[in-house]
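Thanks for coming. I'll take a few minutes to go through one structure, and you can follow along on the screen.

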Amino acid sequence: MRDSAAAPQAALTRRFFGWLELAALVIGLDQLTKWLVLSRFEFGEAVPVTDFFQLVLVYNPGAAFSFLADHSGWQRWFFVILALGVCGWLLALLRQHQRETLLPLAFSLLIGGALGNVIDRLVHGAVVDFLYFHIGRYGWPAFNLADSAITVGVALMLWAQFRAPRDISNTTPENPS
């Protein structure tokens with residue numbers, strides 16, 4: 001009897017580690033692409049790929065859209081600690097939802113993206129960005145694979161929330177009196 005109870009737990013453990021492998025794959029691909037750019041580009045160098053896309057090498061010491069980038073450096077450690085804390089929370093959620101598909105996929109992408117950028121902050125002091133889309137002189141801030149994984153992860157989390165059935169049996173209409 002003990003073996004039959006252990007089998008579902010072993011399957012869950014394998015599933016959980018499968019989601020962690022996906023996060024590790026995101027980290028690996030993110031770091032590989034950044035290494036390729038760092039080994040071939042000088043800071044600020046831009047290579048046009050299409051009329052609307054360039055490969056560039058820039059560093060972002062801030063958060064999304066360079067939020068807090070112009071501060072004295074404290075934000076580096078703030079974002080490292082924040083990302084590690086969020087990753088811990090996401091790991092707990094990943095374990096809780098590991099039987100599902102959409103949410104663990106989202107959590108894995110978020111963890112991989114966040115840790116990819118944490119590595120940059122620890123190694124380079126800022127996040128390495130290299131993908132730049134623009135129309136004429138108007139452009140989207142440069143970003144990287146980790147940022148893309150985070151964006152897709154957030155979108156999947158939102159999608160999962162909108163798809164989730166709502167339990168309205170516990171709600172009561174407000175009494176106007």
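Let me start with a definition. A residue counts as buried when its relative accessible area is under 20%, and as exposed when that value is over 50%. Keep in mind that what you see is a predicted model.

Now take N117. Is N117 buried or exposed? Its relative accessibility is 8%, so N117 counts as buried. N117 lies in helix 3. Leaving out residues up to four places away in sequence, N117 touches D30, K34, V127, N144, A146, D147 and I150.

One residue on that list is V127, and I'll go there next. V127 lies in strand 3, which covers residues 127-135. V127 is buried as well, because its relative accessibility is 4%. Which residues does V127 touch, again not counting those up to four places away in sequence? They are K34, V58, Y59, N60, N117, D120, R121 and N144. Take K34 from that list. V127 and K34 are 93 residues apart in sequence, yet from C-alpha to C-alpha they are 9.6 Å apart in space.

Next, the sheet. It is an open sheet of 4 strands, in the order 1-2-3-4, and the pairing is antiparallel. Which strands are at the edges? They are strand 1, residues 46-48, and strand 4, residues 138-139, and each of them pairs on one side only. Strand 3 and strand 4 run antiparallel and are joined by 2 bridges. As for individual partners, I135 has Y138 in strand 4 as its bridge partner.

Helix 3 packs on this sheet, where it touches strand 2, residues 53-60, and strand 3. The direction of helix 3 makes about 120 degrees with the direction of strand 3.

Last, the helix pair. Helix 3 runs over residues 102-124 and helix 4 over residues 145-163. They pack at an angle of about 155 degrees, and their axes are 7 Å apart. That angle makes helix 3 roughly antiparallel to helix 4, since angles over 145 degrees count as roughly antiparallel. Which residue classes make up the contact of helix 3 with helix 4? There are 17 nonpolar, 4 polar and 2 charged residues. The crossing of the two helices is left-handed.

To go back to where we began: N117, in helix 3, touches V127, in strand 3. That's it from me.

Key: Residues are numbered from 1 along each chain as its sequence is written. This is a predicted model: local features need pLDDT of at least 70, side-chain atom pairs count only at pLDDT 80 or more; totals for chains, interfaces and linings use all residues. Side-chain values use heavy atoms; hydrogens and water are left out. Buried means under 20% relative accessible area, exposed over 50%, partly exposed in between (1.4 Å probe, protein chains only). Contact means heavy atoms within 4.5 Å. Axes are lines fitted to C-alpha atoms, for helices over the stretch in contact, and angles run from 0 to 180 degrees between N-to-C directions. Angles under 35 degrees count as roughly parallel, over 145 as roughly antiparallel, 65 to 115 as roughly perpendicular and the rest as oblique. A crossing is left-handed if the near helix is turned anticlockwise from the far one by less than a right angle, and right-handed if clockwise. Ala, Val, Leu, Ile, Met, Phe, Trp, Tyr, Cys and Pro count as nonpolar, Asp, Glu, Lys and Arg as charged, and the others, Gly among them, as polar. Two strands pair if DSSP finds at least two bridges between them.
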